Structure formats: C-alpha cells, structure tokens
Amino acid sequence: MNGTGPNRGRRKVLLGAPALFLGATISGPARALSITPPQSEGPFYPRKLPSDNDADLTVFHGERAPGEVIEMVGRLFNARGQAVSGGNIEIWHCDVNGVYAHVGRPTPPGFQGYGAVRTDTAGGYRFRTTRPGIYPGRTRHIHVKARGADGAVLTTQMYFPGEPGNARDGLLRRTRNSGALIARQEPGPPPRYVFDIVLA
Ligand SMILES: [Fe+2]
C-alpha cells in the first residue's frame, strides 16, 4: 500500500463516495435515501407528559395495558445518511378503543399512550407498546416526533403495512412519498414494525 497504511485507500473511497450511498449501505436500499415526510402533529400530543414515559408503553404504573403487544424499532439518520446518536424519539398513540390519553375521556388502566427514548450510538431506538385502535376518519397510526442532536425536529406519523384503511386515509394520501411512512413488518413474536427516520 505504498507505505500509506493498509486502510488509506479504502478510507479515501468511503470519504469520496456520495453521502447517500453511505446511507444506503447503513440501512438497506431505498429506505434511507429519502427524507421522511413530515405530517401534522394533531391535537393529541400530551398536554402534560405522563410520569411514566419510558420505552415500554405496555405497562403504566405497574398495570398492563389491554391489546396486542407490538414492537416499533428503527434508526434515526440525518440527510447525509449518517446515524444520529443521542437523538430523541417520542411516540404517542390511541388505546385499543381509539381513545387518546390525557384528553379527558377514560383510557384503560395500564395504558401509557406516550413514550420517549434516546437513540443509541447506532441511531437505534426501540419501543414496546400495544397495537393502536382506530378512530373515525383515520387509519391506524402512531404519532412520532424525532429530534436530532443538532436540534433538527421532524413531526410525522408511522403507518402499518397492509392496513385496509391506508388507501382511504386523506392525510396519508395527501402526503408526498407517503410510502416512506409505512413501516416494514418483521416476524415476531411480538410483531415488529421497522420505521427508520431520515431528518431533513
Ligand atoms: Fe392520531
């Protein structure tokens, strides 16, 4: 290697590659290549964050929420396709009956409805929660707010693949590149939904 060290040439190649290529390498094809589209926050972001707001939304103050347990996992990237560690991911969603917590209507004991985690050194995050119900006018979804370490913020929503209501959901249909908001399902148990997020 001409006395420049065995990794010199390889490092040059990586640094010289288009940034999006790096993203594709990290996260698989196509998925990480597009900026995740923003969507409205909606009216149900908690007015007051619950005292129990960890990454396991299936248990709230020692009680277990009704419904099917699922996992939501993914990685946070910046627009150059680099993993964002130390970012913050918040999610909130309705209960099995389509009711959000913190809005005055009762939700079942054990329903946490909101959680927040920091991304790890690989930009990864993981939540354990229950499959949200459906309320009138919307398909099944989970609200997401992602913050990069540099302060970039994205508010959006994650959708479930194969959901009959997806084709009828006005908000989803109006969103450009809406396919990037539909999670990829991996076999469980529990069913796992992969939702990578790319900040603008
Ligand atoms: Fe919603």
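Student: What spacing do the donors of the iron ion follow along the chain?

Tutor: In this predicted model, the spacing is Y-x34-Y-x5-H-x1-H. The residues behind that pattern are Tyr 100, Tyr 135, His 141 and His 143.

Student: What makes these four residues donors of the iron ion?

Tutor: Distance decides. A donor is an N, O or S atom within 2.8 Å of a metal such as this one. Here the OH atoms of Tyr 100 and Tyr 135 and the NE2 atoms of His 141 and His 143 lie at 1.9 to 2.2 Å, so they qualify.

Student: Why is the site of the iron ion called irregular?

Tutor: Look at the angles among the four donor atoms, which run from 91 to 159°. A tetrahedral site needs all angles between 85 and 135 degrees. An angle of 159° breaks that limit, so the site is not tetrahedral. The site is classed as irregular.

Student: How do you know whether Tyr 100 is buried or exposed?

Tutor: Buried means under 20% relative accessible area. Tyr 100 has 3%, so Tyr 100 is buried. The same test works for His 141, at 2%, and for Tyr 135, at 16%; both values are under 20%, so both residues are buried.

Student: And why is Phe 44 called partly exposed?

Tutor: Its relative accessible area is 25%. That value falls between the 20% limit for buried and the 50% limit for exposed, so Phe 44 is partly exposed.

Student: How many aromatic pairs are there in the protein?

Tutor: The count comes to seven. In one of them, the rings of Phe 44 and Tyr 135 have centres 6.4 Å apart and planes at 80°. Centres within 6.5 Å make a pair, and planes over 60 degrees apart make it edge-to-face, so this pair earns that name.

Student: Where in the chain do Phe 44 and Tyr 135 lie?

Tutor: Phe 44 is in the loop between α2 and β1, while Tyr 135 is in the loop between β6 and β7. They are 91 residues apart, and their pair links distant parts of the chain.

Student: What makes the pair of Tyr 100 and Tyr 135 edge-to-face?

Tutor: Their ring centres are 5.5 Å apart and their planes stand at 70°, which is over 60 degrees, so the pair is edge-to-face. Tyr 100 sits in the loop between β4 and β5, so this pair ties together parts 35 residues apart in sequence. Phe 44, Tyr 100 and Tyr 135 form one aromatic cluster.

Key
Residues are numbered from 1 along each chain as its sequence is written. This is a predicted model: local features need pLDDT of at least 70, side-chain atom pairs count only at pLDDT 80 or more; totals for chains, interfaces and linings use all residues. Side-chain values use heavy atoms; hydrogens and water are left out. Donors are N, O and S atoms within 2.8 Å of the metal (3.2 Å for Na, K and Ca); water is not among the atoms, so sites may look incomplete. Four donors count as tetrahedral if all angles lie between 85 and 135 degrees; four count as square planar and six as octahedral if opposite donors are over 155 degrees apart and all others between 65 and 115; anything else is irregular. Buried means under 20% relative accessible area, exposed over 50%, partly exposed in between (1.4 Å probe, protein chains only). Rings of Phe, Tyr and Trp (its six-membered ring) pair if their centres lie within 6.5 Å; planes under 30 degrees apart count as stacked, over 60 as edge-to-face and the rest as tilted. Helices (H or I, at least four residues) and strands (E, at least two) are DSSP runs, numbered from the N terminus.
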